[in-house]
Amino acid sequence: MRFDAQTLYELLPALYRIRDAERDHRLRALIEVIAEQVGVVEENIEQLHDDLFIETAAEWVVPYIGDLVGNRTLHGVEKVVSRRADVANTIGYRRRKGTAAVLEQLARDVSGWDARVVEYFQLLAWTQYMNHVRPESWYAPNLRRWEPLERLNGAFDSLAHTVDVRRIASGEGRYNIPNIGIFLWRLGAYPLTDTPAVAVDDRRFMLSPLGNDTPLFNRPQTEDEITHLAEPINVPEAISRRVLDANLAAYYGRDLSIVIRADGADVPIAEVEACNLADAGGGAWAHHPENLVAIDPVLGRVAFPLNQPPPTTVEARFHYGFSADTGGGEYERAASFEREIQPVDEITAPALIQDSAAALTAGGAVQINDSARYVETPAIQVDAGRRLEIRAANEHRPTLELAGNLDISGGADSEVNLNGLLITGGRLRVMAAGGNALRLLRLRHCTLVPGRGLTTRGMPTNSGAPSLIVRARNVVVEIEDCIIGALRVMPDSEVRIRNSIVDANEPDQVAFAGIDGDGAGGRLQIENSTVIGKVHTALMELASNTIFMARLGEGDSWTAPVRAERKQQGCVRYSYVPPGSRVPRRYRCQPSLAIRMAIDEAKKKNPTLDEIEEARIANALRLSLQPRLAGRRYGAPDYGQLAPSCPVEIRTGADDEAEMGAFHKLFQPQREANIRIRLDEYLRLGLEAGIFHAT
């Protein structure tokens with residue numbers, strides 16, 4: 001029974017209710033207060049029952065249930081991985097302890113990454129014994145079979161190898177009797193739904209909304225049984241041409257990885273083929289189909305047949321690879337919306353953002369309910385003391401293609417929020433309006449394409465060009481979970497950056513500076529971010545867990561790659577700061593920390609260490625201890641991700657021993673450590689495991 005206020009009130013005798021009505025319902029008001037507290041007690045009782053079961057228990061109860069079944073505590077990465085699955089499957093793990101299927105499931109549950117376990121003794125080449133023939137273990141592969149050759153040395157390798165006696169735990173050895181390999185997919189497959197393709201001509205199209213080549217990724221299919229080892233269809237990996245051709249039905253379809261829509265209808269699978277659509281010179285592609293719609297999953301290209309009329313509109317649903325929920329996308333963003341902003345004007349293409357924004361100068365929200373392309377250059381203005389938000393609806397990612405500058409202005413104490421937008425072709429400018437300026441510009445989950453746009457090959461169209469210019473004074477710019485190009489900011493404004501990538505395309509280009517690109521920019525606070533390019537700020541109030549990838553170019557007029565005019569204020573902590581930088585007081589920053597520790601260690605061994613030897617140690621560390629990214633160009637699946645060869649001082653150098661940079665929030669070192677903790681418990685005696693990054 002639910003004891004709501006009305007139910008409790010009706011339990012009273014009618015006489016009391018009549019008298020209460022004569023006295024302005026004072027008794028009803030008391031009953032409402034009592035009912036509210038009864039509701040709290042009811043909810044608590046229900047939760048106490050739910051807390052008995054791992055599936056419904058509150059998050060804080062999970063460790064206690066884990067303690068009851070002897071589940072060992074792992075590194076706390078609850079922000080990205082819940083312990084619930086690990087605790088829930090503990091008994092099932094132990095029943096199958098030592099098997100490859102359990103190790104694979106463990107790796108998924110404690111890291112949140114898709115995984116595949118390989119028992120390398122099964123891939124050893126054998127001298128055949130007639131009583132135990134293994135015809136698949138030949139020393140020479142069958143060159144007529146394309147798929148085993150394509151998957152050579154990967155997670156799904158099925159070819160036989162000679163023995164490798166190096167230790168697998170170091171990441172060097174693989175093929176040996178006691179070796180177990182655990183492959184992890186750090187990239188996720190992110191969908192784009194019914195997004196317009198970019199036309200090359202009336203029959204050829206690029207699937208990427210930016211018109212660049214992009215590999216298409218598989219949408220992982222869920223494994224239903226713990227005994228099942230992952231197959232290629234179960235992991236988020238790039239789809240090759242041959243794989244798509246051989247397994248078209250497994251990848252093409254509305255609920256699968258790829259589907260093409262022409263003139264509002266899905267192209268049937270019987271009319272689709274996989275092809276090589278690479279450039280063949282002179283603007284031509286290597287193949288143009290006669291009868292079927294051709295898809296190139298390696299380049300993300302589509303060509304329509306010559307013997308049919310060209311389509312009027314082409315849309316696609318596909319998946320692309322990326323590391324994290326950053327820069328906008330069809331992932332969960334509802335918590336980042338400004339819910340109190342009203343009214344909300346919901347639009348879809350072909351409506352114009354400008355029309356809705358112009359009607360909401362007194363405040364409100366423009367919500368874009370699709371992932372379409374909006375080709376316009378709106379001007380955003382908001383009245384004094386008002387707030388305006390332009391956002392993509394949750395799990396949508398529209399593209400705003402600018403032909404010029406998107407000017408943003410507002411009266412005193414006004415605010416503009418942009419959320420979930422992919423902006424290309426132009427730049428944002430914050431302008432003063434009638435002597436007044438915007439108080440706050442907030443960017444969340446947005447991408448302002450570095451270099452303003454991409455060529456077909458994925459190169460920036462305007463390398464080093466700024467994406468955001470703040471020409472107004474006393475403006476606060478907040479950038480969170482964004483990918484953005486270079487910034488130019490007035491000295492008396494302020495920029496706060498978190499969990500983002502600021503990319504000037506090259507380390508010797510200017511990522512942050514004043515309006516002229518040379519003088520000092522506004523005050524800067526930056527946390528958990530990656531900056532590619534030089535920085536010149538009036539005051540670096542805080543830099544934490546941040547990578548500054550900057551260097552001086554040949555004949556550069558700058559005196560330092562990262563420079564703050566006021567060194568007496570501010571702090572730089574747990575960050576990579578390139579040698580020669582002029583910044584406020586540093587705390588445990590690289591490479592200066594490693595240099596100091598190496599020199600101190602050398603002095604313990606040799607108290608008479610001279611300055612020449614100290615300089616040699618310092619120079620060697622400056623050269624070796626530099627951040628290395630797996631992908632440097634925006635649009636690449638591994639863009640901004642630290643490479644496995646990146647020095648451990650950077651990969652685990654943040655204040656919580658996670659990695660420095662924009663993907664600090666993924667806690668990747670802790671995820672790997674959790675896998676190793678579980679391996680100690682579940683790996684069979686005599687075996688040794690190594691962890692490999694498939695992506």
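## A walk through a predicted structure

Let us begin at Ala-316, which touches Leu-192, Thr-193, Asp-194, Thr-195, Leu-207, Val-259 and Ile-260, leaving out residues up to four places away in sequence. Keep in mind as you look that this is a predicted model. Ala-316 sits in strand β13. Is Ala-316 buried or exposed? Its relative accessibility is 1%, and because buried means under 20%, Ala-316 counts as buried. Now try finding Gln-354, which is 38 residues from Ala-316 along the chain. The C-alpha atoms of these two residues are separated by 26 Å.

One of the residues that Ala-316 touches is Asp-194, and Asp-194 is also among the contacts of our next stop, Arg-261. You will find Arg-261 in strand β6, which covers residues 259–262. Arg-261 has a relative accessible area of 18%, so it is buried. What does the side chain of Arg-261 reach at 2.6 Å? It reaches the backbone oxygen of Gly-264. If you set aside neighbours within four places in sequence, Arg-261 is in contact with Asp-194, Arg-254, Asp-266, Thr-313, Val-314 and Glu-315.

From here, move along the chain to Pro-343, in the loop between β13 (314–322) and β14 (344–347). The peptide bond that joins Gln-342 and Pro-343 is cis, with an omega of about -5 degrees. After this loop comes β14, and four bridges join β14 to β15, the two strands running parallel. To see one pairing for yourself, look at Ile-347: its bridge partner in β15 is Ile-368.

Strand β15 (residues 364–368) deserves a pause. Five of its five residues are buried, so the strand is largely enclosed by the rest of the structure. Turn the model and you can check both faces of β15: Gly-364, Val-366 and Ile-368 are buried on one side, and Ala-365 and Gln-367 are buried on the other.

Next, let us look at a sheet. Three strands make up an open sheet in the order β1-β2-β41, and their pairing is mixed. Which strands stand at the edges? They are β1 (114–119) and β41 (688–693); each has a single partner strand, so one side of each is left without a neighbour in the sheet. On average, neighbouring strands here are turned by 20 degrees against each other, with direction ignored. Strand β2 (residues 179–185) and β41 run parallel and are joined by six bridges. Within this pair, Asn-179 stands opposite Glu-688 of β41.

Helices pack against these strands too. Helix α7 (residues 100–111) packs on the sheet and touches β1 and β2, with its direction at about 155 degrees to that of β1. Across β2 and β41 lies helix α15 (residues 668–682), which runs at about 160 degrees to β41.

Our next residue carries a charge. Asp-503 is found in strand β31, residues 501–503. Asp-503 is buried, yet it has no salt bridge. How far away is the nearest side chain of opposite charge? That side chain belongs to Arg-633, and it is 6.1 Å away. A salt bridge needs the charged atoms within 4 Å. Asp-503 does have a polar partner, though: a polar contact of 2.7 Å joins its side chain to that of Tyr-639. Leaving aside neighbours within four places in sequence, the contacts of Asp-503 are Pro-450, Ile-484, Gly-485, Ala-486, Ile-532, Arg-632 and Tyr-639.

We finish with some loops. Asn-474 lies in the loop between β26 (466–470) and β27 (476–480). Its phi is near 60 degrees, a positive value in a residue other than glycine. With a relative accessible area of 59%, Asn-474 is exposed.

The loop between β40 and α12 is the place of Arg-588. The phi of Arg-588 is near 55 degrees, again a positive value in a residue other than glycine. Arg-588 is partly exposed, at a relative accessible area of 38%. Pro-591 also lies in the loop between β40 (586–587) and α12 (592–605). The peptide bond leading from Gln-590 to Pro-591 is cis, with omega near 5 degrees.

Technical notes. Residues numbered from 1 in each chain as written. Predicted model: local features only at pLDDT ≥ 70, side-chain atom pairs only at ≥ 80, totals over all residues. Heavy atoms only, no water. Buried < 20%, exposed > 50% of the residue type's maximum accessible area, 1.4 Å probe, protein only. Polar contact = N/O pair within 3.5 Å; in protein donor to acceptor, adjacent residues only side chain to side chain. Contact = heavy atoms within 4.5 Å. Pairing = 2+ DSSP bridges. Axes fitted to C-alpha atoms, helices over the stretch in contact; angles between N-to-C directions. Lys, Arg positive; Asp, Glu negative; His and termini not counted.
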